[in-house]
There are 2 protein chains.
Amino acid sequence: MSTLSPSRVNRTDASDRLLHAASEILAQRDTLEISVAEISARSGLNHGLVRYYFSGKEGLLLALLKRDAEKALEGLRQLVESRLPPARKLELHIRGVMRTYFQYPYINPLINHLQQSNEENASALAEFFVGPLHKYQECILREAEDAGLIKNVDTRFFYFLIIGACDQIFKCRRMLGKSFGIEELNDSITDEYSDFLYSVVISGISAP
Amino acid sequence: MSTLSPSRVNRTDASDRLLHAASEILAQRDTLEISVAEISARSGLNHGLVRYYFSGKEGLLLALLKRDAEKALEGLRQLVESRLPPARKLELHIRGVMRTYFQYPYINPLINHLQQSNEENASALAEFFVGPLHKYQECILREAEDAGLIKNVDTRFFYFLIIGACDQIFKCRRMLGKSFGIEELNDSITDEYSDFLYSVVISGISAP
């Protein structure tokens with residue numbers, strides 16, 4: 001496979017291709033075990049470009065999460081701004097988080113890795129992902145409260161509850177068969193779990 | 001500091017001391033960054049004993065989690081077998097999970113690490129921790145259902161919800177200030193969050 005040097009390819013195109021290659025490789029794994037050589041081979045680009053554009057593998061992983069988080073947050077922004085009823089927004093938000101984790105199985109380990117690796121990564125993650133996600137959830141909750149549907153809810157605790165509950169089934173991926181008799185984490189089980197979560201949460205915070 | 005070789009110390013005593021040293025060091029950190037040299041220095045035992053008793057650092061970390069999980073599960077077993085009302089058992093279970101994560105801040109990263117590291121670790125974790133925890137939760141739920149307090153609940157989904165929700169606030173530890181205005185993860189905030197979780201869950205699954 002021919003590999004191209006920085007001078008031969010457009011910056012955006014090359015960094016996109018590296019991210020796309022890493023995403024494709026990681027989507028087939030449930031760990032972050034990936035080498036620069038693999039990314040280089042899959043993208044058809046010189047391995048030096050990973051250092052050139054992302055200062056190394058860690059930087060590439062952060063950029064990859066940022067790319068996917070932006071897509072997910074844009075979907076959430078559209079949901080928040082839509083004219084759907086507030087309860088339906090909450091339901092679709094839960095389904096959206098589950099679908100994002102399902103489509104990109106590496107997102108969950110990547111978030112774990114980045115928030116526990118060092119202060120700088122945790123801070124970046126807070127800025128481009130956790131903060132905005134929390135803000136959008138606040139909007140959905142305030143709207144539901146104003147409509148008299150739910151009581152006043154601590155939005156910080158709501159975040160930990162929803163995101164933690166969605167995280168966990170993916171985090172347990174390797175133990176689902178052995179501990180829970182779930183043979184495969186497929187569309188059907190993630191849908192069922194989304195239904196369960198929505199039903200518990202909406203009853204759990206409904207206005208008296 | 002003098003270090004002792006295998007022949008000079010009793011097996012149980014030495015492996016306990018190594019685990020105790022590792023626990024003390026990790027309790028002051030929020031990562032799993034720990035070296036065999038540090039464990040050796042803190043315990044006053046020869047660093048070769050880590051390999052001798054645990055086949056290396058990974059084995060020691062697994063043994064440490066097993067030790068702490070056994071303590072936590074014994075507390076849960078006593079709770080399940082107690083004569084307390086079922087709703088109170090559920091409340092105390094949530095508080096117990098939160099307190100365990102609070103007292104041993106390394107448990108959460110350790111579980112993440114072990115379940116994502118390889119099949120063998122994930123399988124061990126399923127056996128000594130996830131499986132028994134799920135069984136005890138099932139007992140609490142069945143009792144509450146028999147008492148007419150809650151509806152029939154998918155115990156697998158209940159596990160993901162409770163454990164995930166408890167996990168998340170600790171997982172976000174480094175972002176709490178920046179994204180949520182929580183300066184410190186202390187007793188008071190973990191109590192408040194336990195109250196919130198219990199209230200959402202008990203209302204969310206209560207019998208119609």
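Me: How many residues of chain B and of chain A take part in the contact, and what makes a residue pair count as being in contact?

Reply: Each side contributes equally to the count: 52 residues come from chain B and 52 residues from chain A. They qualify because contact requires heavy atoms within 4.5 Å. The model is predicted, so local features need pLDDT of at least 70 and side-chain atom pairs count only at pLDDT 80 or more, while totals for chains, interfaces and linings use all residues; side-chain values use heavy atoms, without hydrogens and water. Residues are numbered from 1 along each chain as its sequence is written, and chains are lettered from A and ligands numbered from 1 in the order in which they are written.

Me: What is the area buried between chain B and chain A?

Reply: The value is about 4,500 Å², and carbon and sulfur atoms give 64% of that area. It is called buried area because it is the accessible area (1.4 Å probe) that two parts lose on being put together, summed over both.

Me: Which polar links are counted between chain B and chain A, and which elements of chain B supply the side that touches chain A?

Reply: Between chain B and chain A there are six salt bridges and 14 residue pairs in polar contact, with both residues at pLDDT 80 or more. On chain B, helix 6 (107-117), helix 7 (119-146), helix 8, helix 9 (176-180) and helix 10 (187-204) each supply at least two residues of the side that touches chain A. Helix 8 of chain B gives the largest share, 13 residues. By residue type, this side of chain B has 26 nonpolar, 16 polar and ten charged residues.

Me: Why is the pair Lys171(A) and Asp167(B) called a salt bridge?

Reply: Their closest N and O atoms are 2.3 Å apart. The term asks for a side-chain nitrogen of Lys or Arg within 4 Å of a carboxyl oxygen of Asp or Glu, so the pair qualifies. Lys171(A) lies in helix 8 (residues 155-171) of chain A and Asp167(B) in helix 8 (residues 155-171) of chain B, and the pair therefore joins two chains. Both Lys171(A) and Asp167(B) are buried, that is, under 20% relative accessible area, where exposed is over 50% and partly exposed lies in between (1.4 Å probe, protein chains only). Glu119(B) and Arg174(A) form another salt bridge, with closest N and O atoms 3.3 Å apart.

Me: Why are Glu74(A) and Arg77(A) separated by about one helical turn, and are these residues buried or exposed?

Reply: The two are three residues apart in helix 4 (residues 57-81) of chain A, which accounts for the separation of about one helical turn. Their side chains meet in a salt bridge at 2.8 Å, N to O. Relative accessibility is 31% for Glu74(A), which therefore counts as partly exposed; at 27%, Arg77(A) is also partly exposed.

Me: What links Arg77(B) with Glu74(B)?

Reply: A salt bridge links them, the closest N and O atoms being 2.8 Å apart. They are three residues apart in helix 4 (residues 57-81) of chain B. Arg77(B), at 28% relative accessibility, counts as partly exposed, and so does Glu74(B), at 32%.

Me: What makes the relation between chain B and chain A that of a two-fold axis?

Reply: A turn of 180° with a shift of 0.0 Å along the axis lays chain B on chain A, with an RMSD of 0.0 Å. That is the relation of a two-fold axis. The same surface serves both copies, since 100% of the contact residues of chain B recur in chain A.

Notes:
Helices (H or I, at least four residues) and strands (E, at least two) are DSSP runs, numbered from the N terminus. A polar contact is a pair of N or O atoms within 3.5 Å; within protein, one must be able to donate a hydrogen and the other to accept it, and residues adjacent in sequence count only if both atoms are side-chain atoms. Ala, Val, Leu, Ile, Met, Phe, Trp, Tyr, Cys and Pro count as nonpolar, Asp, Glu, Lys and Arg as charged, and the others, Gly among them, as polar. Copies are superposed by least squares on the C-alpha atoms of residues with pLDDT of at least 70 in both.
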